[in-house]
Amino acid sequence: MSFKIDRGLFKYDFIDHHAILCVPVDADVKEIRKRYLQIARRLHPDSNLTESAAQKQLGNELLSKLVNPAYEKLYGDRTHAEYIVILSQIGKRLAQESSSVTLNTDLARQLAQAPNVDHFYKSAIAKLAQTQYDSLEQALQVIAQVSELNLVYLMRSAGKLSTASPPPAQPKVQSGLPQSNTLPEPAPPKEDSIVEQYVRRAQSLIDKNQFAQAKVELQDALKLEPKNSRCHSLIAMVYLKQNQLKMAKIHFDNALKLDPNDVTALQWKPKIDKALGLQPSDHKVTSSPNNKDKQPDKSGSGGLFGGLFGGKKK
């Protein structure tokens, strides 16, 4: 399914990611992330158990084709800065062509005449955000309405969004060499996915023994990818560190259902089962060069935490 929107900034062959998330064009990354998580919880098929299969499919497509790309564009430092520069340029162009701009909604026309532009604009955006994805069939119309508000706001503010500087210019080819002999620019490094960013931050927090914060990061990640075995395994380790063995067991079980060769889960789940008085599971580590050092802890010292944590209590 393809989604076509032909109003607001979309009329200018521009994808209005702010309208898709229904956040103001000057929203900071914290506000963008908060809004994205609200939408993702609404649209993810695992969060809508009472809806029909068609509704779940539509929600999943809105999430994967519109919402996720919008968040990736606005949340990354480099991509966000580039995007804001383009928005500012569009705003300046709109200010020069304001007499030819046609508005389709009363709300956009009211914003065009409002004495307090910022207050009216942000109040209108906040109100639309409350129900933006309540009706999935109407979601594109709401996005178009928000994009019209963005258009008017940019036109009236003449594109003055932020002091973000444009990306550095590409180096010029030296005049003494033919262009065919110049080395190509290296491709930019691929950015981590959103969930991978959560996992990386969580791992860093675990290394610093900041388990509560790590758990929040992993819970956010699991809201987006409930079937990510790595997230289940990591959050199980967090619960284990916090001595919440039953919760650790639940997530290690989930990790092994999703990836029967998850080394961390295979190492620790039998120990948790034993501590809880349960029968050990039959999971075995598949032969691998990395598994030769992952033998069960037979030292008998340090209790449940003897192997991985070196017997130190946190």
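Helix 5 passes helix 6 in a left-handed crossing, and this crossing opens a briefing on a model that is predicted. The topics below are the packing of helix 5 with helix 6, the packing of helix 8 with helix 10, the aromatic pairs, and two buried residues, His-17 and Asp-273.

**Helix 5 with helix 6**

- Helix 5, which covers residues 106-113, packs with helix 6, which covers residues 117-131, at an angle of about 160°, and the axes of the two helices are 9 Å apart.
- Because angles over 145 degrees count as roughly antiparallel, helix 5 is described as roughly antiparallel to helix 6.
- On the side of helix 5 the contact is made by Leu-107, Gln-110 and Leu-111, which meet Val-117, Phe-120, Tyr-121, Ala-124 and Leu-128 in helix 6.
- Sorted by class, the residues of this contact between helix 5 and helix 6 comprise seven nonpolar and one polar, with no charged residue among them.

**Helix 8 with helix 10**

- Helix 8 (residues 194-207) packs with helix 10 (residues 229-241) at an angle of about 20°, and their axes are 11 Å apart.
- Since angles under 35 degrees count as roughly parallel, helix 8 is roughly parallel to helix 10, and helix 8 passes helix 10 in a left-handed crossing.
- Helix 8 contributes Val-195, Val-199, Gln-203 and Ile-206 to the contact, while helix 10 contributes Arg-230, Cys-231, Leu-234 and Val-238.
- The contact of helix 8 with helix 10 divides by class into six nonpolar residues, one polar residue and one charged residue.

**Aromatic pairs**

- Four aromatic pairs are found when the whole structure is searched.
- Phe-14 and Tyr-83 form a stacked aromatic pair, with 5.2 Å from centre to centre and 25° between the planes.
- Phe-14 lies in the segment before helix 1 (17-21), whereas Tyr-83 lies in helix 4 (residues 77-96), so this pair ties together parts that are 69 residues apart in sequence.
- Phe-14 counts as buried at 10% relative accessibility, and Tyr-83 counts as buried at 4% relative accessibility.
- Tyr-121 and Tyr-153 likewise form an aromatic pair that is stacked, with 4.1 Å from centre to centre and 10° between the planes.
- Because Tyr-121 lies in helix 6 and Tyr-153 in helix 7 (residues 139-157), the pair ties together parts that are 32 residues apart in sequence.
- Tyr-121 and Tyr-153 are both buried, and Tyr-121 is also one of the helix 6 residues that meet helix 5.
- Tyr-36, Tyr-71 and Tyr-75 are linked into a cluster by ring pairs.

**His-17 and its contacts**

- His-17 is found in helix 1 and is buried, with a relative accessible area of 8%.
- When neighbours within four places in sequence are left aside, His-17 is in contact with Pro-69, Ala-70, Lys-73, Leu-74 and Tyr-83.
- Tyr-83 therefore appears both among these contacts of His-17 and as the partner of Phe-14 in a pair that ties the segment before helix 1 to helix 4.

**Asp-273 and Lys-249**

- Asp-273 has its place in helix 12, which covers residues 263-275.
- Asp-273 is buried, since its relative accessible area is 1% and buried means under 20%.
- Asp-273 and Lys-249 are 24 residues apart along the chain, and their C-alpha atoms are separated by 7.6 Å.

How values were computed
Residues numbered from 1 in each chain as written. Predicted model: local features only at pLDDT ≥ 70, side-chain atom pairs only at ≥ 80, totals over all residues. Heavy atoms only, no water. Axes fitted to C-alpha atoms, helices over the stretch in contact; angles between N-to-C directions. Helix = DSSP H or I, 4+ residues; strand = E, 2+ residues; numbered from the N terminus. Parallel < 35°, antiparallel > 145°, perpendicular 65-115°, else oblique. Left-handed = near helix turned anticlockwise from the far one by under 90°. Contact = heavy atoms within 4.5 Å. Nonpolar A, V, L, I, M, F, W, Y, C, P; charged D, E, K, R; others polar. Phe/Tyr/Trp six-rings, centres within 6.5 Å; stacked < 30°, edge-to-face > 60°. Buried < 20%, exposed > 50% of the residue type's maximum accessible area, 1.4 Å probe, protein only.
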